[in-house]
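Trainee: I am new to this structure and would love a close look at one part of it. Could you walk me through the cysteines and the strands around them?

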Amino acid sequence: LCYSALKCPCPGKIAHGRYGGSRALGGKMTVYCDSGYVASSTATLNCVEGKWDAPIPQCIGKDYFTAL
């Protein structure tokens, strides 16, 4: 198996945010949420053996957390 050819999947459209970085093996991707929104989990993911090392976060309105 040729690991150098592996890439992590594209996260697709992230509502209320965007992403940047590299999907290449060993690369990092960061999710940037719009003003008034925060990432639901870790915002920086690492590409390991063609898979992200954590779920892709969603951008959630900050008001959601104050209501809890």
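**A close look at the cysteines and their strands**

Mentor: Happy to! Let us begin with cysteine 33, which is partly exposed, with a relative accessible area of 23%. Please keep in mind that this is a predicted model. Buried would mean under 20% relative accessible area, so cysteine 33, at 23%, falls in the partly exposed class. Its partner is cysteine 59, and the two are joined by a disulfide with an S to S distance of 2.2 Å. This link is left-handed, with -85° about the S-S bond. Cysteine 33 belongs to strand E2 and cysteine 59 to strand E6 (residues 59-61), so the disulfide ties together parts that are 26 residues apart in sequence. Unlike cysteine 33, which is partly exposed, cysteine 59 is buried, with a relative accessible area of 8%.

A word on the chemistry may help here. A disulfide is a covalent bond between the sulfur atoms of two cysteines.

The structure holds 2 disulfides. The other one joins cysteine 8 to cysteine 47, again with S to S 2.2 Å. Here the angle about the S-S bond is 100°, and the link is right-handed. Distant parts of the chain are linked by this pair: cysteine 8 sits in the segment before strand E1 (17-21), while cysteine 47 sits in strand E4, 39 residues apart. Both cysteine 8 and cysteine 47 are buried. If you number the bonded cysteines of the protein chain in sequence order, the pairing reads 1-3, 2-4. You may also spot cysteine 10, which counts as partly exposed at 46% relative accessibility.

Now follow cysteine 47 into its strand. E4 covers residues 44-48, and its covered face carries Leu45 and Cys47. On the uncovered face are Thr44, Asn46 and Val48. Strand E2 (residues 28-33) runs antiparallel to E4, and 3 bridges join them. In this pairing, lysine 28 stands opposite asparagine 46. E4 also pairs in the antiparallel sense with strand E5 (residues 51-52), over 2 bridges. There, valine 48 stands opposite lysine 51. The hairpin of E4 and E5 has 2 residues between the strands, and glutamate 49 takes a positive phi near 50° in it.

Next, look at what is packed together here. The largest nonpolar core has 8 residues: Cys8, Ile14, Met29, Val31, Leu45, Cys47, Trp52 and Cys59. E2 and E4 are the elements that give two or more residues to this core. So where does leucine 45 reach? Setting aside residues up to four places away in sequence, leucine 45 touches Gly27, Lys28, Met29, Trp52, Asp53, Ala54, Pro55, Ile56 and Pro57.

Finally, return to strand E2, where threonine 30 is found. Threonine 30 counts as buried, at 18% relative accessibility. Its side chain makes a polar contact with the side chain of threonine 44 at 3.2 Å, and Thr44 lies on the uncovered face of E4. Leaving aside neighbours within four places in sequence, threonine 30 is in contact with Arg18, Tyr19, Gly20, Ala43 and Thr44.

To retrace the route on your screen, start at the disulfide of cysteine 33 and cysteine 59, move to the disulfide of cysteine 8 and cysteine 47, and then follow E4 to its antiparallel partners E2 and E5.

Definitions and conventions
Residues are numbered from 1 along each chain as its sequence is written. This is a predicted model: local features need pLDDT of at least 70, side-chain atom pairs count only at pLDDT 80 or more; totals for chains, interfaces and linings use all residues. Side-chain values use heavy atoms; hydrogens and water are left out. Buried means under 20% relative accessible area, exposed over 50%, partly exposed in between (1.4 Å probe, protein chains only). Helices (H or I, at least four residues) and strands (E, at least two) are DSSP runs, numbered from the N terminus. Two strands pair if DSSP finds at least two bridges between them. A disulfide is a pair of cysteine sulfur atoms within 2.5 Å. A nonpolar core is a set of buried Ala, Val, Leu, Ile, Met, Phe, Trp, Tyr and Cys residues joined through side-chain atoms within 4.5 Å. Contact means heavy atoms within 4.5 Å. A polar contact is a pair of N or O atoms within 3.5 Å; within protein, one must be able to donate a hydrogen and the other to accept it, and residues adjacent in sequence count only if both atoms are side-chain atoms.
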